[in-house]
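Subject: Handing over the structure

Hi there,

Here is the structure I promised to pass on to you. Please open it alongside this email, and then read on for what was found in it.

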Amino acid sequence: MQAWQVRDTGEPGTVMRLAEIEPPEPTGGQSLLRVRAASVNFPDALLCRGQYQIRPPLPFTPGVEICGETEDGRRVIANPALPHGGFAEYALAGTASLLPAPDSLDDAEAAALHIGYQTGWFGLHRRARIQPGETLLVHAAAGGVGSAAVQLGKAAGARVIGVVGGPEKARVAHDLGCDVVVDRRTEDIVAVVKEATGGRGADVVYDPVGGDAYAKSTKCVAFEGRIVVVGFAGGTVPAPALNHALLKNYAILGLHWGLYATKDPGSIARCHAQLTELAARGAIKPLVSERVPLTGAADAVQRVADGVTTGRVVVVPEAVDSGETAFAQEGTAV
């Protein structure tokens with residue numbers, strides 16, 4: 001099979017190499033999946049750089065989120081078991097963790113439903129306890145993680161302010177349903193948020209960026225507001241001033257979605273049921289900005305790492321794209 005391999009850590013566009021290798025062999029509790037689509041996530045870039053909290057042995061195949069097909073033809077959503085990730089024709093995943101792909105979404109959309117939307121749902125509902133009528137501020141609102149939070153915030157009845165970088169991303173945020181869009185390159189985030197909220201500030205802040213985005217959030221968070229720390233795509237991990245949180249009476253909430261798989265695995269399935277229902281009635285729909293062939297995976301990961309994409313870029317292997325039946329093409333046995 002074809003698979004992208006990382007043999008040395010560094011920038012994705014440099015260290016990812018397309019190779020012909022044997023399909024991985026599932027061990028106890030694993031399933032071999034034909035990859036129908038693999039969504040590109042920022043952690044894929046961190047894996048390539050050797051900066052992710054999980055460091056699989058070299059060589060490994062990145063790709064942490066897929067829509068795959070089981071041997072008996074079921075479409076499923078999965079987080080591949082590294083080092084056998086999703087940027088390949090086949091991947092491995094834990095059988096018990098497989099989730100049914102919603103019928104309302106195609107392969108690329110289903111591949112993009114899992115990590116970003118689960119993170120958004122847990123962040124907004126489990127951690128921040130967002131309420132209808134509250135104001136939600138979303139950083140990187142046109143990106144893969146941010147666009148999911150925007151849609152989930154609107155579905156929860158919140159008023160959403162989206163922060164983006166540049167006019168193209170501003171258009172995307174408007175189309176996603178943001179009530180107010182702030183271009184951080186030309187506008188003052190704090191001033192716009194305060195004006196839009198009558199001086200109150202944002203009740204919930206969803207921050208996958210860190211750095212300056214976090215610093216600005218502390219200046220425009222409301223009384224009893226909640227800042228949900230999702231990640232540090234901006235490259236800088238902020239050092240919160242706890243005296244400031246005390247004086248302004250706001251909460252700083254960390255969210256590590258992966259912990260739910262070990263601490264409360266049943267909650268992931270329950271969240272997926274909620275997401276499936278929202279997708280079925282059209283309240284959420286992953287923003288797939290590009291569908292690229294398997295040969296374009298390295299470039300796609302690099303562009304996501306560089307922050308120049310909108311929504312989700314999804315890798316669709318050519319065999320699936322051309323309609324060939326999974327497993328039947330190569331006679332692979334599980």
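A definition to begin with: the axis of a helix is a line fitted to its C-alpha atoms over the stretch in contact, and angles between axes run from 0 to 180 degrees between N-to-C directions. Please also keep in mind that this is a predicted model.

**Helices H4 and H5**

With that in hand, take H4 and helix H5 (residues 144–155): their axes come within 8 Å and cross at roughly 50°. Angles under 35 degrees count as roughly parallel and 65 to 115 as roughly perpendicular, so H4 and H5 are oblique to each other. The crossing of H4 past H5 is right-handed.

Which residues meet where the two helices pack? From H4 come Gly116, Tyr117, Gly120, Trp121 and Leu124, and from H5 come Ala148, Ala149, Gln151, Leu152 and Gly153. An α-helix has 3.6 residues a turn, so residues three or four places apart point the same way.

Helix H4 itself spans residues 115–127 and is mostly covered, with 10 of its 13 residues buried. The buried ones are Ile115, Gly116, Tyr117, Gln118, Thr119, Gly120, Trp121, Phe122, Gly123 and Leu124. Just after H4 comes Arg129, which has a positive phi of about 50°.

**The open sheet**

Next, have a look at the sheet. It is open and made of 6 strands, in the order E10-E9-E8-E11-E12-E13, with parallel pairing. Strand E10 (180–183) and strand E13 (251–254) are its edge strands, each pairing on one side only. On average, neighbouring strands of this sheet are turned by 20° against each other, direction ignored.

You can follow the pairing from strand to strand at one end. Strand E8 (residues 135–139) and strand E9 (residues 159–164) run parallel and are joined by 5 bridges. One pair to look for is His139, whose bridge partner in E9 is Val163. E9 and E10 also run parallel, joined by 4 bridges. Here Val163 appears again, with Val182 as its bridge partner in E10.

Which way do the residues of E10 point? Val180 and Val182 point one way, Val181 and Asp183 point the other way, and all are buried.

Helix H6 (residues 167–176) lies across E9 and E10 and runs at about 165° to E10. Together, E9, H6 and E10 make a right-handed β-α-β unit.

**Helix H12 and its surroundings**

H12 is another helix that is mostly covered: 7 of its 10 residues are buried. These are Ala297, Ala298, Ala300, Val301, Gln302, Val304 and Ala305. What covers them? The cover includes strand E1 (2–6), helix H1 (12–15), strand E2 (16–20), helix H2 (42–49), strand E14 (288–292) and E15.

H2 deserves a second look here. H2 and H12 pack at an angle of about 100°, with their axes 8 Å apart. That angle makes H2 roughly perpendicular to H12. Where they meet, H2 contributes Phe42, Asp44, Ala45 and Arg49, while H12 contributes Val301, Val304 and Ala305.

After H12 comes Gly307, with a positive phi near 75°. A little further along is Thr309, in the loop between helix H12 (297–306) and strand E15 (312–315). Is Thr309 buried or exposed? Buried means under 20% relative accessible area, so Thr309, at 11% relative accessibility, counts as buried. Not counting residues up to four places away in sequence, Thr309 touches Lys169, Glu290, Arg303 and Val304.

**Two more loop residues**

Finally, here are two residues you may like to click on.

- Thr70 sits in the loop between strand E4 (66–69) and strand E5 (75–78). Its relative accessibility is 5%, so Thr70 counts as buried. Thr70 and Ala215 are 145 residues apart in sequence and 45 Å apart in space, C-alpha to C-alpha.
- Ser104 is in the loop between strand E7 (99–100) and helix H3 (107–111). Its relative accessibility is 35%, so Ser104 counts as partly exposed. Leaving aside neighbours within four places in sequence, Ser104 is in contact with Glu109, Ala279 and Ala280. From Ser104 to Asp188 the separation is 84 residues in sequence and 39 Å in space, C-alpha to C-alpha.

Happy exploring, and best wishes!

Definitions and conventions: Residues numbered from 1 in each chain as written. Predicted model: local features only at pLDDT ≥ 70, side-chain atom pairs only at ≥ 80, totals over all residues. Heavy atoms only, no water. Buried < 20%, exposed > 50% of the residue type's maximum accessible area, 1.4 Å probe, protein only. Pairing = 2+ DSSP bridges. Contact = heavy atoms within 4.5 Å. Right-handed = clockwise from strand over helix to strand, strands pointing away. Parallel < 35°, antiparallel > 145°, perpendicular 65-115°, else oblique. Left-handed = near helix turned anticlockwise from the far one by under 90°.
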